[in-house]
Amino acid sequence: MQLPEAATRPRVLIVDDDPVMRMLEEETLVQFDFEVSIAADGEEAIELLAGPPPALVLLDVDMPGVDGFAVCRHIRQRWDMSELPVIMVTGMDDIESINQAYESGANDFISKPINWPILGHRARYVLRSAQEARQLRKLEEKQAAIVRAMPDMIFLMDRYGVHLDYKAGFGAEPYVPANEFLGRKLSEVLPSDVAAVILLGVERASEHGDLQSVVYKLTMPDGVHHYEGRIAPCGPEAVVMVVRDITLQKRSDERIRRLAYFDTLTGMPNRENFLEKLDLELLRASRARRQVALLFLDLDGFKRVNDTLGHSAGDYLLQAVAARLKEKLRAGDVVTRPALVEGGLHLARLGGDEFTVVLPNLENTQTVSMVAERLQALLTRPFRISSQDITVTASIGIAIFPEDGDDAATLLKHADTAMYHAKDQGRNNWQLYDRSLTAETMTRIRLEDDLRKGLQRDEFRLFYQPQVSADDGSIVGLEALIRWQHPEHGLVSPAQFIPVAEDSGLIVALGDWVLRTACQQLRSWQAMGLATPRVAVNVSARQLRTHDFLGSVATIIAETGIEPSQVELELTESILMEPEARRIDGFHRLRALGVHFSIDDFGTGYSSLSYVKRFPIGMLKIDQSFVRGLPDNADDAGITTAIIAMAHSLGLEVIAEGVETHAQLEFLRQANCPKMQGYLFSRPRPPGEVEQLLRQGSIELPPQATRADDKLQRQLADQPDKREQQ
Ligand SMILES: Nc1nc2c(ncn2[C@@H]2O[C@H](COP(=O)(O)O[C@H]3[C@@H](O)[C@H](n4cnc5c(=O)[nH]c(N)nc54)O[C@@H]3COP(=O)(O)O)[C@@H](O)[C@H]2O)c(=O)[nH]1
């Protein structure tokens, strides 16, 4: 039941058996702006109270029948009127009645004879304090509900840290049961470091009268918990500390921090983390006038591991590399100088197979080279992955602060550039950054971009170099050689762009274009009625590593409609050593279709005959570097003769490339080399010119020449072919 508030005219119920008293009381209270109801005895009062309740009851004690005490008790027993203010009218100095009035639940009493001017004030006062008590109770209820719903523990302490009271948190357990800490000091209950932190907060809150915040952790039965305590003064002598268990929040904060700042695969700091730390390190270094070295490490051949063994093997390798770097670098295995160990080496994984190491306290550049070499040495021990021993090497680029850049981003860019330079130098190599490298990188990036556009704009051309029979000069083959008709630079040699195409991966698209164009060209010569020999196409290692390269060869041959036996794929020795080449089946399937395979630059690589036997190789091409030394260089002559003899004994075809002079031709004839290719017979030519040669069917072999002729021939060979320049 809602008790009426003071805003409306409050109604007072006057209960008195004396009509004069009732009248006087009524008159007085009406003057004080009360509305009045009258009951002549206790029974009538109880009846009236069954209806809408009054705001106040003025109750005579001494009545026949149901007296004032009984009415008061009745009121208090009713839950909805427990707060109804009651003033009892007692006899003068009737102490016993006064006591009994309070025991019955009266709020106040007024004794007879009544001091009438006071009665109205008294009634107003009792009414107001009853309203205030009601508001206070509501507030307390509200606060109690809030506190009950709170997950926090609440401790009331005196200013010396003695626990006075405690409210359990919803689902939170105190460090020790409440009965063990109530009445005891913080230092008697908590670990000394935690007690000291909280006590400091308690003292500050008491002294300054403001809110203090403390964080601490405690080992609970289920592990370490983190807490945040807010300490607020509670009067001059006490404080309230509201304690929240923030363990979950801490964990999720830590998780978010780890996701944002750490590489999930290796647990190492990630790029953002690394850059922030490096910037900080550079700031310190510039204040202390110190040097800082940044080593940028990129694994060589990582992509091959990914492509051949799968991504999970690749991930595992990265984790293993990271673990080895972390363990060995931190252990001081690499860095023996105490300054570096203490200075804190920063390790990070930037992404992919790229790692960085920062040496913050560099004393001299010798240390950097020592660390770089030791890093490389760390990787030499093989990693066991998918029951295979995988060996990786790393190329490392180094940039030094402040010489090579005065902010983290620049330093990183330059270390990256130096790393590419290290790769160019033959991998498993380290290089210090050199300003000239940036220009080199820019040229390279531009070339890569140009190459991409060149492919789109159809700027590539295919030239063909005849391969001739040593007997009669008949054309027995053609080697397709790519040229780039650059809109600004004219005809660009493949020696300039093939390595960039290989590094950027563009060689895959370029290689496809070469094979397709060569096949189409054969088709169109055949359509003209020309007899065409087989055409040899160079294959780069990168092409072979692509998924189903050999399948794509079969597709191109089928799509262009030429005989597979008209195609020869020139592979280098190193390609056959690649793990992908283990997919020997593909080679054999193509061979079964009729496709030929030859080994280019034979003698320059591993020269292992095992792959000659395992792969369906049909021809060896003696590298031009040996032919160049013929006939005078005894080593070249010996190697060339041996390769020819070996090819014959293995039943393989053999061709010498780079034949430029009569003397070389004669030597090779004597050595029984059946086929040759070189400027002496023809330079690589555009299709229109090759068409004429094919019509002839052969190239006239030059007659026997003198040494002077040979010298001239060599000089001519060294000059670029004007036709290639067109
Ligand atoms: N993956 C691909 N590589 C290709 C392709 N086209 C060419 N290349 C490779 O580029 C390198 C340079 O080629 P190129 O400038 O065309 O040189 C070839 C011949 O022109 C040259 N040659 C031939 N005869 C002579 C000679 O008598 N003297 C002399 N100095 N040079 C001569 O040799 C190169 C052929 O080499 P090879 O391939 O080893 O038979 C070169 O490595 C090409 O392989 C392509 O489409 N894809």
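Which residues form one aromatic cluster? Phe460, Trp484, Phe497 and Trp513 do. Keep in mind as you explore that this is a predicted model. We will come back to the rings after a walk through a sheet and its helices.

Let's start with the sheet. Five strands make up an open sheet with mixed pairing, and their order is S12-S13-S11-S16-S17. S12 and S17 (430-432) are the edge strands, each pairing on one side only. On average, neighbouring strands here are turned by 20° against each other, with direction ignored. As background, strands of a sheet pair through backbone hydrogen bonds, in either a parallel or an antiparallel sense.

Both senses turn up here. At one edge, S12 (residues 346-351) and S13 (residues 354-362) are antiparallel partners over 5 bridges. One position to look up is Leu347, whose bridge partner in S13 is Val357. The two strands form a hairpin with 2 residues between them, and Gly352 in the turn has a positive phi of about 50°. Is S12 largely enclosed by the rest of the structure, or left open? That is best put as a count: how many of the 6 residues of S12 are buried? The number is 5, so S12 is largely enclosed by the rest of the structure. At the other edge, S16 (residues 393-401) pairs with S17 in the parallel sense over 3 bridges. There, Ile396 stands opposite Trp430 in S17.

Now bring in the helices. H15 lies across S11 (291-300), S12, S13, S16 and S17, and runs at about 140° to S16. H15 (residues 408-424) also meets H16 (residues 435-456): their axes come within 10 Å and cross at roughly 75°. That angle makes H15 roughly perpendicular to H16. On the H15 side, the contact is made by His414, Thr417, Ala418, His421 and Asp424, while H16 contributes Leu437, Thr438, Glu440, Thr441 and Arg444. Sorted by class, this contact has 2 nonpolar, 5 polar and 3 charged residues.

Back to the rings, then. The structure holds 12 aromatic pairs. One of them joins Phe155 and Tyr166, a tilted pair with 5.1 Å centre to centre and 45° between the planes. Because Phe155 sits in strand S6 (residues 153-158) and Tyr166 in strand S7 (residues 163-167), the pair ties together parts that are 11 residues apart in sequence. Phe155 is buried, at a relative accessible area of 8%, and Tyr166 also counts as buried, at 16%.

Another pair is made by Tyr216 and Tyr227: their ring centres are 5.6 Å apart and their planes lie at 25°, so this pair is stacked. Tyr216 belongs to strand S8 (residues 212-220) and Tyr227 to strand S9 (residues 223-234), so this pair ties together parts that are 11 residues apart in sequence. Tyr216 and Tyr227 are both buried.

Finally, have a look at Arg542, which is found in helix H19 (residues 541-545). With a relative accessible area of 22%, Arg542 is partly exposed. Its C-alpha atom is separated by 6.3 Å from that of Glu502, although the two residues are 40 apart along the chain. Leaving aside residues up to four places away in sequence, Arg542 touches Lys303, Glu502, Asp503, Ser504, Gly505, Ile507 and Val508.

Methods: Residues are numbered from 1 along each chain as its sequence is written. This is a predicted model: local features need pLDDT of at least 70, side-chain atom pairs count only at pLDDT 80 or more; totals for chains, interfaces and linings use all residues. Side-chain values use heavy atoms; hydrogens and water are left out. Axes are lines fitted to C-alpha atoms, for helices over the stretch in contact, and angles run from 0 to 180 degrees between N-to-C directions. Helices (H or I, at least four residues) and strands (E, at least two) are DSSP runs, numbered from the N terminus. Angles under 35 degrees count as roughly parallel, over 145 as roughly antiparallel, 65 to 115 as roughly perpendicular and the rest as oblique. Contact means heavy atoms within 4.5 Å. Ala, Val, Leu, Ile, Met, Phe, Trp, Tyr, Cys and Pro count as nonpolar, Asp, Glu, Lys and Arg as charged, and the others, Gly among them, as polar. Buried means under 20% relative accessible area, exposed over 50%, partly exposed in between (1.4 Å probe, protein chains only). Two strands pair if DSSP finds at least two bridges between them. Rings of Phe, Tyr and Trp (its six-membered ring) pair if their centres lie within 6.5 Å; planes under 30 degrees apart count as stacked, over 60 as edge-to-face and the rest as tilted.
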